[in-house]
Amino acid sequence: MTNIGFRILSLKKRPDKSLIKQYGNVVTPHISDNMNRMNAMSSFLRPYHRDGKLVGTAFTIKTRPGDNLMVHKAIDLAEPGDVIVVDAGGDMTNAIFGEIMMRMAKKRGIAGVVVDGAIRDVAAISKDVFPVYAKGVTHRGPYKDGPGEINVPVSIGGIIINPGDIIVGDEDGIAVVPLEEAEDVIRRVRSQQELEENILQSIQEGTINRDWIDETLKQKGCEFLSPQIL
């Protein structure tokens, strides 16, 4: 019998490092488009760091709102390249993450942090390139009592994140790629990337074809009217 709600599980499977590297070279809009725009975290999660791409393996934490005991433990357990993903229930009462934890996570090679809740010490975080995404900010610190769980499925911004999924974050937001789909998704992303590069080239050359707009309007029944002369 397990102590549901207060337990630590191991991360059983991580994506290959070469696959993670590929996701570091693509943008979240392309990833989202190739998952039917369904696996993007809500836009309420925004970056607070200066700049820098977030890409790595989801190391998940579900914690009691306002408490970061398990987040501290996760920083000790996570491997270089992991992303600390914290489901704090979206609560904004207490900060779950701050500068001291950022320094520890960065020192250990953790790829970044996503918090469905509040952070603090934004003056320091905003000057750093260590990726930190959160729902908001408060000066009030956390409790450290638990309970909580590590490496269990969590829900953030309308998306289920499983331990081992690939997390990609940039200026446009955060995409979550299920581990079992990651190879197929990156192939489709590469195809879209090539297609859009060709489109940009045709814009530059003045050869882009825009007929699809009028064709779509006609298919939708849009009426084209001539201007009336009064």
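Asp-116 is buried (under 20% relative accessible area with a 1.4 Å probe, protein chains only) yet has no salt bridge, meaning a Lys or Arg side-chain nitrogen within 4 Å of an Asp or Glu carboxyl oxygen. Lys-135 is the nearest side chain of opposite charge, 5.1 Å away; Lys and Arg count as positive here, Asp and Glu as negative, with His and the chain ends not counted. Keep in mind that this is a predicted model, where local features need pLDDT of at least 70, side-chain atom pairs count only at pLDDT 80 or more, and totals for chains, interfaces and linings use all residues. Numbering runs from 1 along each chain as its sequence is written, and side-chain values use heavy atoms, leaving out hydrogens and water.

**Around Asp-116**
- Asp-116 sits in strand β6 (strands are DSSP E runs of at least two residues, helices H or I runs of at least four, numbered from the N terminus).
- Beyond four places in sequence, its contacts (heavy atoms within 4.5 Å) include Phe-44, Val-86, Asp-91, Lys-135 and Ser-155.

**The cores**
- The largest nonpolar core (buried Ala, Val, Leu, Ile, Met, Phe, Trp, Tyr and Cys joined through side-chain atoms within 4.5 Å) has 26 residues, and Phe-97 and Phe-130 are among those touching the most other members.
- Elements giving two or more residues to this core include α3 (69–77) and β6 (112–119), and α3 supplies the largest share, four residues.
- Another core, of 17 residues, lies apart from it and includes Ala-58 and Ile-174.

**Leu-11**
- Leu-11 is in the loop between β1 (6–8) and α1 (17–23), and is buried at 12% relative accessible area.
- Among the residues Leu-11 touches beyond four places in sequence are Ala-58, Asp-82 and Pro-163.

How values were computed. Buried < 20%, exposed > 50% of the residue type's maximum accessible area, 1.4 Å probe, protein only.
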